[in-house]
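Visitor: Please walk me through this structure, one question at a time.
Guide: Here it is.

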Amino acid sequence: MLGQDARATSKVAPEAQALRGIWLTRGKDGRITAYAPGEGGLRRWTEKRPGGPEWDASDVVPLPELTHLSVAQNAEAYVHFAGRRERPAADGDGVTVDIVHAIQYQTGRPVSAWNSLGNPHKEPDVGSRFGAPVVVVNGAGEVNIAVRNGRGGMMVRRERKDGKWRGWEDLRCTRIKEVPAVAVLSTGCIEIFAVTNKETLHWEQEKPGGGWGDVRRSPAVVRPGSLAVLETSAGRATYYWTDPESGVVAYRAGVGPMSLGGVPGTGAHAAIRTVLDSFDCTVLAHRGANGAAAVGVGMTENEANGVWWSDTGAPCVNTPVLTHDALGRVVMAVVGEDGTPRVARQTDGPGLSLDEWRVL
């Protein structure tokens, strides 16, 4: 997951000390909400009005004993949380792990009770190695959660149309590292992309809500924990990761991998499409090797034309996150070295430039 230094950890309550990161969502009313681990659980800040720039004081979403969290939204802007919960085993030997799910139905409203989705492993030692979830919501509003299992395979659990959950599905593979990248495409289909020590693994749904086709394999060197994904044209996803030798890499079916330059540090990449100077552009962000947030901009699916990188100068202890505000401007958020979230917003003018960082 995303990094956090000792100063930030010292401010986090025991139940959230293992949880790291920052997340942005935008509600039906257009207001952005930022979430980050903090004292008492998951701290939550919300814009006072759509487009900002002022933010309300934070409140707290209570958390179970989570080590990892994933956040997604559906078409109605409901916020879905999926977490990996780790608790001491009843016999005092080791830990028990399960995946839990909760929903926030409106901006600033309370979060529902956390519902356990269980753990498919019966053996305690294998179950304790169950991985971090990635949650997405398809076009039909059904929640899908992908998790690396305790033996290094890939498992998926899907919500049915009636709100009940199907059983865990095993995609039959081994040696997966870290958290997968999962994309919901405009076709309604879902793709899952994961890596092992020697190759990448790529699954695509045969039809919306349907089964999974055969896995596609491709040799690639991927720094663990660096995966990200973005739909870059109708029904087509581009995957991004860090190659230890060449920096940021982009790949999509039939094209690549392609080197995009940059000097990324640890952690994943953030990616978003936006229109700049009338061109469809992709904005990338990561924690640079110098510890500061870096931003890259290039024309979407035209990587050969170049990606232009700039250092924002903002120290961050994890991967930045990107979204659009109610006015269509790019918004970027980081957690600083002091454990405090900061937000910068796109300014008017040519290209992509950000205003001063606002401390939440």
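Guide: A term used throughout comes first: helices (H or I, at least four residues) and strands (E, at least two) are DSSP runs, numbered from the N terminus. The model shown is predicted.

Visitor: Which elements each supply at least two residues of the lining of the second largest pocket?
Guide: The second largest pocket has a volume of about 240 Å³. Its lining counts 15 residues, and Val95, Thr96, Glu123, Pro124 and Asp125 lie nearest the centre. The elements that each give at least two lining residues are β7 (95–104) and α2 (124–127).

Visitor: Which strands stand at the edges of the sheet that contains β13 and β16, and why is one side of each left without a neighbour?
Guide: The sheet is open, with 4 antiparallel strands in the order β13-β14-β15-β16. An edge strand has a single partner strand, so one side of it has no neighbour in the sheet. The strands in that position are β13 (177–184) and β16 (216–219).

Visitor: By how many degrees are neighbouring strands of the sheet β13-β14-β15-β16 turned against each other on average?
Guide: The pairing in this sheet is antiparallel. With direction ignored, the average turn between neighbouring strands is 20°.

Visitor: Which residue of β15 stands opposite Ile192?
Guide: Strands β14 (residues 190–195) and β15 (residues 199–204) pair in the antiparallel sense over 5 bridges. Opposite Ile192, in β15, stands Trp203.

Visitor: Is Trp203 buried or exposed?
Guide: Trp203 lies in strand β15. It touches residues beyond four places away in sequence, among them Met154, Leu171, Cys173, Ile176 and Trp212. The cut-off for buried is under 20% relative accessible area. Trp203 has 2%, so the residue counts as buried.

Visitor: How many Å apart in space are Trp203 and Arg216, C-alpha to C-alpha?
Guide: In sequence, 13 residues separate Trp203 and Arg216. In space, their C-alpha to C-alpha distance is 6.5 Å.

Visitor: How many of the residues of strand β11 are buried?
Guide: On one side of β11, Met154, Val156 and Arg158 are buried, and on the other side Met155 and Arg157 are buried. Both faces are thus covered. The strand (residues 154–158) is largely enclosed by the rest of the structure, because the buried count is 5 of the 5 residues.

Visitor: Which residue of β12 is the bridge partner of Val156?
Guide: β11 pairs in the antiparallel sense with strand β10 (residues 143–148) over 5 bridges, and Val156 is there the partner of Ala146. β11 also pairs in the antiparallel sense with strand β12 (residues 169–170), over 2 bridges. In β12, the bridge partner of Val156 is Glu169.

Visitor: Which residue in the turn between β10 and β11 has a positive phi?
Guide: β10 and β11 form a hairpin with 5 residues between them. The positive phi in the turn is about 90° and belongs to Gly152.

Visitor: With which side chain does the side chain of Thr242 make a polar contact?
Guide: Thr242 lies in strand β18 (residues 236–243) and counts as buried, at 1% relative accessibility. Among the residues it touches, not counting those up to four places away in sequence, are Val221, Arg223, Pro264 and His269. The polar contact, at 2.7 Å, is with the side chain of His269.

Visitor: Which side chain is joined to that of Thr274 by a polar contact?
Guide: Thr274 is in strand β21 and is buried, with a relative accessible area of 7%. Leaving aside neighbours within four places in sequence, Thr274 has contacts that include Phe279, Cys281, His324 and Val330. The polar contact is 3.2 Å long and its partner is His324.

Visitor: What is the phi of Asp277?
Guide: Asp277 lies in the loop between β21 (270–276) and β22 (279–287). At 45% relative accessibility, Asp277 counts as partly exposed. Asp277 is not a glycine, yet its phi is positive, at about 55°.

Visitor: Which residues does the cis peptide bond in the loop between β3 and β4 join?
Guide: Pro53 is placed in the loop between β3 (41–46) and β4 (59–61). Omega of the cis bond is about 10°, and the residues joined are Gly52 and Pro53.

How values were computed: Residues are numbered from 1 along each chain as its sequence is written. This is a predicted model: local features need pLDDT of at least 70, side-chain atom pairs count only at pLDDT 80 or more; totals for chains, interfaces and linings use all residues. Side-chain values use heavy atoms; hydrogens and water are left out. Two strands pair if DSSP finds at least two bridges between them. Axes are lines fitted to C-alpha atoms, for helices over the stretch in contact, and angles run from 0 to 180 degrees between N-to-C directions. Buried means under 20% relative accessible area, exposed over 50%, partly exposed in between (1.4 Å probe, protein chains only). A polar contact is a pair of N or O atoms within 3.5 Å; within protein, one must be able to donate a hydrogen and the other to accept it, and residues adjacent in sequence count only if both atoms are side-chain atoms. Contact means heavy atoms within 4.5 Å. On a 1 Å grid over the protein atoms alone, a cavity is a set of points where a 1.4 Å probe fits but cannot get out, and a pocket is an open set with protein on both sides within 12 Å along at least five of seven lines; lining residues have an atom within 4 Å of a point. Grid points are joined across faces, edges and corners, and a volume is the space filled by probe spheres set on the points.
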